[in-house]
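Here is a walk through one protein chain and the ligand that comes with it. Have the viewer open and follow along.

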Amino acid sequence: MSKVKTKYVCQNCGYSSVRWSGKCPDCDNWNTLVEEIQNTGGDKRKSSLQNVKISNGSYKLISEIDSVNESRTLTHISELDRVLGGGIVDSSVILIGGDPGIGKSTLMLQLAEKIEGKKILYVSGEESAAQIKLRSDRLNYDLGNFYILSETNLDNIQAVIEREVPDIVIVDSVQTIFRPEIESAPGTVSQLRESTALLMYLAKKNDFSVFIVGHITKDGMIAGPKVLEHMVDVVMQFEGERTHSFRILRGIKNRFGSTNEIGIFEMTDLGLKEVINPSEVFLSQRNYGASGCVISSSVEGTRPILIEVQALVTSSNYGIPQRTSMGFDYKKLNIIVAVLEKKLGIFLNKSDIFLNIAGGVKIEEPATDLAVAMSIYSSFRDIPVDSETVLLGEIGLSGEVRTISYAERRITEAAKLGFKKIIIPKGNLKNINAKKFKAEIIGVEKINDAIDKLF
Ligand code: TYD
Ligand code: MG
């Protein structure tokens with residue numbers, strides 16, 4: 001009897017080794033090496049190389065290739081279409097990742113309801129057909145050409161695909177399906193890679209588009225992320241805090257469009273609702289006239305979104321003051337506090353500081369720094385900032401207000417929503433035709449200038 005050969009494969013990056021180790025030598029992650037059974041199919045590559053034949057026409061000059069217009073299908077969920085770059089490209093492979101419970105299955109069901117005239121096969125390895133039916137009934141969906149297959153064995157899935165010839169296949173989730181000829185467990189890197197490869201092959205051969213749903217591991221990566229991301233055509237990530245209702249669909253990779261786009265949804269009792277006007281929604285519960293609350297703008301994808309930054313500065317009861325930040329980088333908060341202390345001569349080392357970006361939004365760009373600084377100052381002094389003012393600017397270590405990207409777009413959005421005064425970095429002022437806007441545009445150079453203008 002031949003001995004079963006095993007190898008240890010990193011579930012994060014796909015690195016493999018004959019020996020186990022605690023830390024992956026390739027990607028430096030801990031405890032990611034898992035024992036998988038090695039396929040002993042002999043050296044097939046060697047034998048096939050001996051009878052390689054290159055047919056005429058297997059390669060050609062780019063100018064000899066006919067241009068084809070990619071044909072696309074609109075999902076009629078405009079936020080999703082936007083992230084896809086204008087609908088689903090035919091026979092493309094789309095990976096959609098996200099934390100469990102964020103709403104991936106709901107989005108897929110909604111897509112099935114909205115899309116027109118397409119035959120859809122929903123392969124579910126997680127929920128039973130009855131559960132999916134229950135959900136669609138609860139959402140009042142009228143799903144016509146929609147087949148549900150509760151199956152995890154890819155051979156059976158392939159057979160159904162070949163018999164039914166669907167236009168769109170949804171696989172929920174890739175971690176549950178498996179190819180029986182691969183001996184590793186479902187969800188391991190080998191299975192993910194081989195299953196995805198087969199789905200891609202089938203999609204291109206049988207001309208259907210496939211949505212592959214993938215759960216994200218604790219570290220925020222789609223399990224076996226690097227292995228899957230480079231294979232598929234489009235990678236999207238569904239993000240959000242489960243305790244908040246807003247969800248952001250972010251393009252990470254797109255062979256047919258820009259990855260600068262995001263789609264914003266709100267999870268309601270009746271499924272996901274598109275948020276067409278994000279700024280209005282994020283500002284809908286704002287606090288007028290409260291100290292510590294200021295408005296700024298964050299560019300998500302290519303869209304500026306107005307957000308409310310809230311700070312609460314209270315006197316500290318302990319020796320070491322607390323710094324808590326939600327939706328804003330913690331280290332950046334500490335830097336801004338240090339700059340405020342040094343440049344304004346105020347002492348915050350006896351104060352607890354709590355910072356929150358309202359609505360559960362996460363800020364990942366520097367243009368909101370000035371708003372964070374001013375919200376802390378406003379709460380510290382207990383003087384409210386004028387509620388019709390928007391603050392934009394990055395803060396440097398010497399207290400300078402640095403230029404930001406997309407200044408004009410942010411100003412346009414703020415002016416459109418009726419804000420009267422917009423404070424921006426002086427460096428941005430020269431590139432902007434300030435007269436064009438109804439709002440007053442003020443340039444500031446230093447953090448102190450902003451204080452003078454506001455308080
Ligand atoms: P689901 O789509 O099952 O998440 P995923 O497939 O990403 O794991 O959605 C799960 C959550 O969404 C669930 O906790 C309940 C919530 N939800 C609503 O709030 N309203 C709804 O109409 C639906 C369908 C789900
Ligand atoms: Mg699900």
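A polar contact here is a pair of N or O atoms within 3.5 Å. Keep that cut-off in mind for the ligand, and keep in mind too that this is a predicted model.

Let's begin at the ligand. Where does the backbone meet ligand 1? A nitrogen atom of the ligand lies 2.8 Å from a polar backbone atom of threonine 268, which is inside the 3.5 Å limit for a polar contact. Right next door in the sequence, aspartate 269 offers a polar backbone atom at 3.1 Å from an oxygen atom of ligand 1. Elsewhere along the chain, a polar backbone atom of glycine 101 sits 2.7 Å from an oxygen atom of the ligand. On its own, ligand 1 has 550 Å² of accessible area, and the protein covers 73% of that.

Now zoom out a notch to the shell. Three elements each give two or more residues to the surroundings of ligand 1: α3 (104-114), α4 (129-138) and β13 (262-268). Of these, α3 supplies the largest share, with three residues. There are 16 residues around the ligand in total, and the ones that come nearest are Gly101, Ser105, Thr106, Thr268 and Gly271. Sort the shell by class and you get five nonpolar, six polar and five charged residues.

Next, the chain as a whole. You can trace 13 helices and 23 strands through it. Put a box around the C-alpha atoms along the principal axes and it comes out at roughly 80 × 55 × 50 Å. The chain has 455 residues, and 49% of them count as buried. As for the outside, the accessible surface comes to about 22700 Å², with 49% of it belonging to carbon and sulfur atoms. How do the contacts run along the sequence? Take those between residues at least 6 apart: 66% of them join residues at least 24 apart.

One last stop: the cysteines. A disulfide is a covalent bond between the sulfur atoms of two cysteines. How many disulfides does the structure hold? The count is zero. Cysteine 24 is a good place to check this, as the nearest cysteine sulfur, that of cysteine 27, is 3.7 Å away. A disulfide calls for sulfur atoms within 2.5 Å, so cysteine 24 is in no disulfide. Is cysteine 24 buried or exposed? Its relative accessible area is 0%, so cysteine 24 counts as buried. Cysteine 10 is buried as well, with a relative accessible area of 0%.

Conventions. Residues numbered from 1 in each chain as written. Chains lettered and ligands numbered in written order. Predicted model: local features only at pLDDT ≥ 70, side-chain atom pairs only at ≥ 80, totals over all residues. Heavy atoms only, no water. Near = heavy atom within 4 Å. Polar contact = N/O pair within 3.5 Å; in protein donor to acceptor, adjacent residues only side chain to side chain. Areas by Shrake-Rupley, 256 points an atom, 1.4 Å probe, with all protein chains shown as cover. Helix = DSSP H or I, 4+ residues; strand = E, 2+ residues; numbered from the N terminus. Nonpolar A, V, L, I, M, F, W, Y, C, P; charged D, E, K, R; others polar. Buried < 20%, exposed > 50% of the residue type's maximum accessible area, 1.4 Å probe, protein only. Contact = heavy atoms within 4.5 Å.
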